[in-house]
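Thanks for coming. I will go through one structure today, starting with how its chains relate and then moving to a sheet and a helix.

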Amino acid sequence: LDAYRFTTIGFLSDFGLVDEFVGVCHGVIARIAPKARVIDITHGIGAHQVASGALALVSAVGYLPTAVHLAVVDPGVGSDRLGIVVQTREGSCLVGPDNGLLLPAAERLGGVAGCHRLENPALRAARVSPTFHGRDIFAPAAAHLALGVAPEDFGAPVRLDDLVAPAIPQAVATGGACRGVVVAVDRFGNLETTITPDLAASAGVRVGSLLALTVGDRALEAPFARTFSAVAAGEPVVIEDSRNLLAVCLNQASAAERLGVREGTPVVLAPVSAPLP
Amino acid sequence: LDAYRFTTIGFLSDFGLVDEFVGVCHGVIARIAPKARVIDITHGIGAHQVASGALALVSAVGYLPTAVHLAVVDPGVGSDRLGIVVQTREGSCLVGPDNGLLLPAAERLGGVAGCHRLENPALRAARVSPTFHGRDIFAPAAAHLALGVAPEDFGAPVRLDDLVAPAIPQAVATGGACRGVVVAVDRFGNLETTITPDLAASAGVRVGSLLALTVGDRALEAPFARTFSAVAAGEPVVIEDSRNLLAVCLNQASAAERLGVREGTPVVLAPVSAPLP
Amino acid sequence: LDAYRFTTIGFLSDFGLVDEFVGVCHGVIARIAPKARVIDITHGIGAHQVASGALALVSAVGYLPTAVHLAVVDPGVGSDRLGIVVQTREGSCLVGPDNGLLLPAAERLGGVAGCHRLENPALRAARVSPTFHGRDIFAPAAAHLALGVAPEDFGAPVRLDDLVAPAIPQAVATGGACRGVVVAVDRFGNLETTITPDLAASAGVRVGSLLALTVGDRALEAPFARTFSAVAAGEPVVIEDSRNLLAVCLNQASAAERLGVREGTPVVLAPVSAPLP
């Protein structure tokens, strides 16, 4: 095991757990690198939701050991989009499609130190399915990287400028209000936005502020608080969530259900009153 | 690995598998205790359903090796509820919030041998999110316990009398009938009740009895049998399930769907006829 | 670990991940064979859907290392159906109920080299629940096989002719058309059929053909292409999927949702035009 370059493989996808796809990728990895340990980050990314996958990946990688991260949310499978391995300055590698999924995580891990195409036929399945590169190209690549194969052995280098741009949309602050979108709905129904605490602060929003919110076509007021329990059960509250993004929540209830909101819904947020001094 | 105090960490939560929360906790554990093996008991507990989580935990712990059990169903996160580590007489430790989630499992594992607060800042994340103690307090605690850190190193002792009471409601037998609630609905739609075989026996119910049931506002009759297949497909039957609780079922069909029942629905059960001698 | 006969246990079931059933089986295995590595193939098989389970298992086993495969989709639990261990010529073992679930995977692994009943009380739980043989009979058997217990130590041999037939229905080609059924719907809403490329070729269907399809009571036309992206977003296409079966798909959309189709729906497929030479 000491001979492995990476002992951990992080694995994120939109495969879900209903089919055998995730298990098959685990099997492919185990055949090539039997001693690597796979940590499933999540396989519950919405089908083909690259931005949602990029956000989950960037939120997770900092909490895992230095690793090969295998990430597959790949609506362009079978087209001419590239498969790539990205080396990060922190030492981890990211493997997946070139569609913006990997770059936010690479930034979180110190930035891109190099990138190569996955095109070496000796480092993929003998027969590559046009619909399942996770099994036939990406999982084998992750396993070979764990064993110590060098990124440059996979194929030609790719210039950073030639990579597809990061997939996470940026929020903006204009006219005293922050404008973003719901980027993720967690299982508790909390609505995570693209709005960061720093952006909110630039619009005069800080903990203790009462906020005027527009979520889609619904308007409401809620305090910006540290915890859900700052408001009564069922009441709305804005918090900084565990990914360090502002989230619109109901204490012990589902904001997504109550407001009928899905990923991509616009959110506008402005201070009604300043926090008490 | 021989130097680890626990090589297994059981992990139960209401995080679901849609988000990256479970994977992040695995990552946090792997960074602290890379050789510990995590067994995911389940992460499908209904959001904030402490009683349901307590029941799943007590049902599982006896089947795992001696372990640290990390359990997080935590509607009070960010409030002043305690985080605790409970030592059991059988040798396992339980880590999680003090809200009744852990105590039934502790009883199953021989009873409480000691309890301490999780308050040592050296044994948690440098920055603790007010909304994700699973990642920042409980997972690190479980990993440090696996490495051999003593429970008393985490904080002050807590007296058993000061802990929040166990979260599983008790069924009762009065007037020749058993009264309980549906405590869990499994994926097959079987309705697990809080009624134990012993309680049922005290009301004259035993295998072979024909029972009069009330489930919510629906009345039906069903035999108390050993297996589903004692009745025709689609017919109702009461069995002792794999958690040793009475469950209202339909053979090869979903009782939850047919009866429109959810967790918390009252169940009354009484013998119509005695079993044949 | 070198003393183990199998270091990998593949695990497939219809238990789902909402309850603690899967975690409990992992615990049972860890107590008997702590160094075995369990690869979860999937636990999302539809409740009691033996054919769907058989198909997922046969699709996965070739991608895993030589292993004990524990497979439990068991509508007849508690009846007199046998529990069995099947040895394959390739060297793997399959453990589960005798209901057709295991045989397609055994064929994929070189064919059946032997089969024995699981009836030795020393190799199962001391108390066997009539409703959870996964925990009490099958998981212990898989763990003991990993340790090196011989299949013949579990019980009497069973003749291949006495086993329940494989559970996957066969498609047919008649009158210039292929007739099969939807055997699985994946999370992207793709409709996998029982029709193989070879069967399709025998009816004159090959990549590039335009096809007339009937799916349930809906008629449509679609090309047989290599990849989804051969058609515009939202348009229908037939591809050979990653299990090497023909699938009816919409590019970047859900055919299951649009056509209102579930497993078991009949599919008829015939060429409208031949591919360009």
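What turn and what shift along the axis lay chain B on chain C? Before the answer, a caution: this is a predicted model. The turn is 120°, the shift along the axis is 0.0 Å, and the RMSD of chain B on chain C is 0.0 Å. That is the relation of a three-fold axis. Within chain B, the C-alpha nearest that axis belongs to Leu17(B), which lies 5.2 Å from it.

Chain B also superposes on chain A, through a rotation of 120° with 0.0 Å of shift along the axis, and the RMSD is 0.0 Å. For this rotation axis too, Leu17(B) is the residue of chain B that comes closest, at 5.2 Å for its C-alpha. Of the contact residues of chain B, 12% recur in chain A, and the copies use different surfaces. Against chain C the picture is as follows: only 13% of the interface residues of chain B are also interface residues in chain C, so the copies meet through different surfaces.

Now the sheet, in chain C. In what order do the six strands come? The order is E2-E1-E3-E5-E4-E6, in an open sheet with mixed pairing. Strands E2 (37–42) and E6 (112–117) of chain C are at the edges with a single partner strand each, so one side of each has no neighbour in the sheet. On average, neighbouring strands here are turned by 20° against each other, direction ignored.

One pair in more detail: E1 (residues 8–13) and E3 (residues 68–72) of chain C run parallel and are joined by five bridges. In one of these strands, E3(C), Ala71(C) is the bridge partner of Leu12(C). Helix H1 (residues 21–32) of chain C packs on this sheet, where it touches E1, E2 and E3 of chain C, and its direction makes about 155° with that of E1(C).

Finally, helix H1 in chain B, residues 21–32. At 1.5 Å a residue its 12 residues should span 16 Å, and the end C-alpha atoms are 17 Å apart, which agrees. Is H1(B) largely enclosed or largely open? Since 10 of its 12 residues are buried, H1(B) is largely enclosed by the rest of the structure. Among the buried residues are Phe21(B), Cys25(B), His26(B) and Ile29(B).

What covers them? From chain B, the cover includes strands E1 (8–13), E2 (37–42) and E3 (68–72) and helix H4 (133–147). Chain A contributes as well, with strand E2 (37–42) and helix H2 (50–60).

Technical notes: Residues numbered from 1 in each chain as written. Chains lettered and ligands numbered in written order. Predicted model: local features only at pLDDT ≥ 70, side-chain atom pairs only at ≥ 80, totals over all residues. Heavy atoms only, no water. Least-squares fit on C-alpha atoms with pLDDT ≥ 70 in both. Contact = heavy atoms within 4.5 Å. Pairing = 2+ DSSP bridges. Helix = DSSP H or I, 4+ residues; strand = E, 2+ residues; numbered from the N terminus. Axes fitted to C-alpha atoms, helices over the stretch in contact; angles between N-to-C directions. Expected span 1.5 Å × (residues − 1). Buried < 20%, exposed > 50% of the residue type's maximum accessible area, 1.4 Å probe, protein only.
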